[in-house]
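I opened this one to see how its helices pack and which residues sit between the chains. These are my notes, in the order in which I looked things up.

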Amino acid sequence: MATVLDRPDVETPSPSGERRAAYPILRRPRSTEGLTGWLTTIDHKRIGILYGVSAFAFFLIGGIEALLIRAQLAQPNGTVLDAGTYNQVFTMHGTTMIFLVVMPMSAAFMNYLLPLMIGARDVAFPRLNALSYWTFIFGAFVLYSSFFLGGAPDGGWFGYVPNTSITFSPGHGIDFWIYGLLITGIASTVGAANLITTILNMRAPGMTLMRMPVFVWMSLVVNFLLLFALPVITIALFLLMFDRQFGANFFNPAAGGDPVLWQHLFWIFGHPEVYILILPAMGIVSEVLPVFSRKPLFGYPVVVFSGIAIGFMGWGVWAHHMFAVGLGPVAVSAFSVATMFIAVPTGVKIFNWVGTMMGGSLRLKTPMLFAIGFIAMFTIGGLSGVTHSISPHDRQQTDTYYIVAHFHYVLFGGAMFGLFAGFYYWWPKVFGHMLSDKLGKVNFWVMFVGFNLAFAPMHWIGLQGMPRRIPVYSEELGLQAPNLASTIGAFIIALGVLVFMVNVWVSKRNAVPAPADPWDARTLEWTIPSPAPVHNFDEIPVVHSVDDFWHRKYTEDEEGRLVKLPPATAVAAEQERHEESAAAEAQEHAGHDEGHGMHLPSPSFYPILAAAGLPIIAYGMIYKQYIVAVVGAFVLLGSFYGWALEPSVAPDDDEADLQPPALAGASGNGSAALVGAAETPALGAGSSTAESSASTTEEEQS
Amino acid sequence: MTAPAAIAHDPHGGHPTNTGLSNEKLTMWAFLGSECLLFGALISTYLLYKGRSVSGPLPEDVYDIPFTSASSFMLLMSSLTMVLSLAAIQRGDHRRLRLWLLATASLGGLFITGQIYEFTTFYREGLSLSTNLFGSTFFVLTGFHGVHVSLGILMLLSLFGLSMRGKLPTERAEAVEIAGLYWHFVDIVWIVIFTVVYLIP
C-alpha cells in the first residue's frame, strides 16, 4: 500500500478509500464460524474435511448404485432395473467411485496432512485450494444433475466411442458426463499444481526430500501424474464434445476418423489414473505399518524409488487395456512386457511392507488391520493384474467379470482399505477424539468378509465367460450360486460401512479427548495437539532425520535396543538440537524476518464464486444457450479479477499493525499465548514488529 | 546430525522456499508442464489424422502460407517485446514497461485478427468444423491455441492496467516474468503448430 501512496499519479484520498477501491464487489468475509465460515474457508485442514465429507457422501451414493447392480444380478433374468437404467447405474457407479470418491478422498488426506507432515502452516495457495474443492463439488453437481435432467450417462466410465457418439447416445447424459469430468479435471489439475508447489517449496528446515514421510512422497508422485494425465482426458473429452455438439468428425469413421483414438487417449490417461488411485493408499499404509510395528519402514529409499518408478512406468502400459482391439503383434508384445515390468516395483513395495512387520512388536489396532488387509487384498489384485499382461489370456478375460474382480481387489481391497486405515489412524488428529477400536475391528472383519464374498467369486464368474455390463444372464450359464454369493457379499460390505458410520456417531457421542500422540507415532503431525490448531505449528519444526518425531522420543542403547527418552531429557535433547540449528538458521536468515511470522491468509468468497462460473458455462453449452455460457465465463473471469485484487491477508489486519503490540495482545482472545509461543528463543531472528503483526493476524482469524 | 537443508531466498523478498523459485513461478512451471500434454494430445491427434480426410477442401486448397507466415512473425516478435517489458520493470522503468506490454498485447492482437481473418476465409471457401476430418482437426487445434493467445493478451492488458494504477511496483517484477513464461510458452507451441500444420506437406 505504501507504494501506492508514494506515487503522485495515483488518486488515493485516504487509506480507507484505497481499501474500498480494492473491493469493488464483495466485502471480505470476517467470520470463520458457521456456514459462511465453511463456504469461504481457505484453511487446508477445513478444506481437507470438506473433501472427506463430500467424498464419503459420494461413497454412499456410489455404494447404493453398486447394491442396485448386485440386486439386479442376484438371480438370472433379474427385474430390479431395466436395461437402460442398468447402463446408467453401472456408468455412474464407476464414474462416481473413481472421480468422486477415491480421488477426492485422497485429496482429503493430502490437503489435511501434507502441510502438517512437512512442517508448513498451509498449502502454497490457500485460495486456489478452496477453488479446487468448490470446482470439484460443482463438477460432481453437473454430473449428478443428469439424473433429474433426462437421464444419467450410460456409456461406461470409459465412454467408448462410437457408443457415446450422438448417433448412438442422442440424449444429454453423455454431455453431462463430459462437462462433469472436464470440471472435476480442472479441480484436480489446479490442486495438483498447488500441492506440488507446497511439497517442493514449503518444507520445514531440514526436511530434505529423502526425509519426507512416504505419504508425502506418494502424494508428490500422484500429483505429477494428475498434472500430466488429466490434460490427455481433457482433450479426449474436448474432441468428443466437438463431435457431439458441433458436428466435428474426430471419431467418425465415415469421414476418416478413428474410434480407436478415443481408446488411446482415454487409457493414456486411464492407466496413470490407476496409480493416482492406489498410490495415496500405499502412502497411508506406509505410514501406518511402521507405527503399529514399532519399527522404521523397511527400506525407505526403496519404497520411495519404487513409487517414482511406478509413476514413470505407468505411462508405458496403457495399451494393455486394448489388447482385444487388434493393435498388431509388435504393440501387443511391447505392452505385454511393459505390463509385466511394472509389477516389479509394486512387488518390491509389498516385500518392504512385509519386511516392516517382520520382527516388529505388532499392535493389531484397527488401522493396522486395514493396512494388513490392504497388503493381502492388493497382492491378490496385483497378481490377477499380471495375468492380463499375457495377451492370449487377456483375450479370454477382456470384458468379463474377471476384470471386475481384478480392479475391485485393487481399488476396494487396495485403495479403499488403505483409506479406511487412514480414517482410523488420523481420526484423533482431525477430530480430537478416537474412533472406537472395538467397533473398528467389527467394521474391518465385516467388510473384509463381505468384500471377499462379493469379489472372489467374480474371478470364477468371469473365467466361465459371463460378460460385464450385461443386465441379465440366463439360467443355462449355471452361475446362479456365485452370483448370489457375490450379491450377499455386497450387502455385507454395506453393513460394514454402516458399522463405520455407527462408530463415527458413537465415538463422537462418547468422545474422549485424544492426546497429541495417541499411537506413539513417528511423523510431525503428531507433535501438535489434537485436533490440529488453526496455525498448525506454534513454531516451525526443524527436522534432522526420517521419522524425526520418533527420534525425539526414543534412542538406542549399545546393543541396538530401543530406549525411551524420559520426557525431560527428550525436551533437553530437542532443545540442544534446536540450538545448533537455530544458530545456522539465524545466520541464513540474517536480514530476513519473514521465515516464521504467521501470515495466515484470510477467508475469501472468490474461490466458490469463480467455481460457480463453471457449471453455468457447462449448462449453457449442454443446452446450447451460449449467452448463459458467456455469463458463466464472466462470473469466472470477474471472480478472478476480484481475487487478484484482493490481498491474501485482509488489509484490515495491517491496520491492526498500527496498534502498539501490547494493546493488540490485550484485546485478543488468547493471542497472548501465541505471542509467547512465537517469541521462543529459537526464533529470535524475527523482528518484533513481524511477530506482533503475526499475532494480530492470528487474532483476526480467531 | 547433518545441518538443516539450505533454505533459498526469493530475491524479491517473498517467503523463503526450498527450491529458490517462488511459489508462483514454480506453479506456473507446473501448469506449463500440464499444458504441454494438452497441446501434445491435440497435435498428436492432428498428426494422426493428417491426410486421412475422405473429402475436400484439403489443406493445399485453402492455405495462404505467406499470410500465415506474416502473422506468425508478429507472434514471434511479441516474445521479443515481452522480454523488453520484463527488462524494463526490472530496471524500474515503468513507462517503458507499459509501452512494451502494450506492444506485446498488440502484436498478439494482430495475430488473433489474422487468425479470425483466416478462419472466416476458410469458412467462405467451404471448410468448416464439420466439413471433413481436416476441418475438425485444423479448427480445434489452431482455435485452441488462439484461445490461449487471447487469454495471454487479457493477462498482459491486466498487467498494463495494474501498472497504470500504480499497483505494479518494481518489487513485483516477477508478475511480469510469470506472465512472460506463459506468453513465451504459447509462442513456442505456435512454432510447433505452424510447422506441423502449415509447413510439413
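**Entry 1: a helix pair in chain A**

I began with one helix contact, where D175(A), F176(A), Y179(A) and I183(A) of α7(A) meet L614(A), P615(A), A618(A), M621(A) and I622(A) of α19(A). I sorted the residues of this contact by type and got 8 nonpolar, no polar and 1 charged. A reminder to myself that this is a predicted model.

Next I wanted the geometry of the pair. Helix α19 of chain A covers residues 606–622, and α7(A) packs on it at an angle of about 155°, with the axes 10 Å apart. That angle makes the two helices roughly antiparallel, since anything over 145 degrees gets that label. I also looked up the handedness: α7(A) passes α19(A) in a right-handed crossing.

**Entry 2: α7(A) by itself**

Does the length of α7(A) agree or disagree with what 1.5 Å a residue should give? The helix runs over residues 173–201, which is 29 residues, so it should span 42 Å, and its end C-alpha atoms are indeed 42 Å apart. It agrees.

I then checked how covered the helix is, and 29 of the 29 residues in α7(A) are buried.

From that helix I picked L200(A). It counts as buried because 20 other C-beta atoms lie within 10 Å, and the cut-off is 20 or more. What does L200(A) touch, leaving aside neighbours within four places in sequence? The contacts I found are N18(B), T19(B) and L26(B), so I had moved over to chain B. Back in chain A, L220(A) is 20 residues away from L200(A) in sequence, with 8.6 Å between their C-alpha atoms.

**Entry 3: another chain A helix**

I repeated the length check on α15(A), residues 437–463. Its 27 residues reach 39 Å from first C-alpha to last, close to the 39 Å expected at 1.5 Å a residue. Just after this helix, G465(A) has a positive phi of about 100°.

**Entry 4: chain A overall**

I zoomed out for the totals. Chain A has 24 helices and 2 strands. It has 702 residues, and 52% of them count as buried. I also took its contacts between residues at least 6 apart in sequence: 81% of these join residues at least 24 apart.

**Entry 5: chain B overall**

Then the matching look-ups for chain B. How many helices and strands does chain B have? I got 6 helices and 0 strands, so the pattern along the sequence reads α-α-α-α-α-α. Its C-alpha atoms fill a box of roughly 65 × 50 × 20 Å along the principal axes. Of its 201 residues, 36% are buried. For contacts with a separation of 6 or more, residues 24 or more positions apart account for 76%.

**Entry 6: a helix pair in chain B**

I chose α3(B), residues 65–91, and α4(B), residues 94–124. They pack at an angle of about 160°, with their axes 8 Å apart. So α3(B) is roughly antiparallel to α4(B). The crossing of α3(B) past α4(B) is left-handed. By type, the residues of this contact come to 14 nonpolar, 10 polar and 2 charged.

**Entry 7: two residues of α5(B)**

Last, helix α5 of chain B, residues 133–164, which holds V140(B). Is V140(B) buried or exposed? It is buried, because it has 21 C-beta neighbours inside 10 Å. Beyond four places in sequence, V140(B) is in contact with F242(A), A248(A) and L42(B). I also noted Y46(B), which is 94 residues from V140(B) along the chain, with their C-alpha atoms separated by 9.3 Å.

L133(B) is in α5(B) too. Its count is 22 C-beta neighbours inside 10 Å, so L133(B) is buried. Again leaving aside neighbours within four places, L133(B) contacts N249(A), A255(A), G256(A) and G257(A) in chain A, and Y49(B), R52(B) and S53(B) in chain B. S55(B) is 78 residues from L133(B) in sequence and 8.3 Å away in space, C-alpha to C-alpha.

Note on methods: Residues are numbered from 1 along each chain as its sequence is written. Chains are lettered from A and ligands numbered from 1 in the order in which they are written. This is a predicted model: local features need pLDDT of at least 70, side-chain atom pairs count only at pLDDT 80 or more; totals for chains, interfaces and linings use all residues. Helices (H or I, at least four residues) and strands (E, at least two) are DSSP runs, numbered from the N terminus. The expected span of a helix is 1.5 Å times one less than its number of residues. A residue is buried if 20 or more other C-beta atoms lie within 10 Å of its own, exposed if 12 or fewer, and partly exposed in between; C-beta atoms are placed from the backbone. Axes are lines fitted to C-alpha atoms, for helices over the stretch in contact, and angles run from 0 to 180 degrees between N-to-C directions. Angles under 35 degrees count as roughly parallel, over 145 as roughly antiparallel, 65 to 115 as roughly perpendicular and the rest as oblique. A crossing is left-handed if the near helix is turned anticlockwise from the far one by less than a right angle, and right-handed if clockwise. Ala, Val, Leu, Ile, Met, Phe, Trp, Tyr, Cys and Pro count as nonpolar, Asp, Glu, Lys and Arg as charged, and the others, Gly among them, as polar. Two residues are in contact if their C-beta atoms, placed from the backbone, lie within 7 Å.
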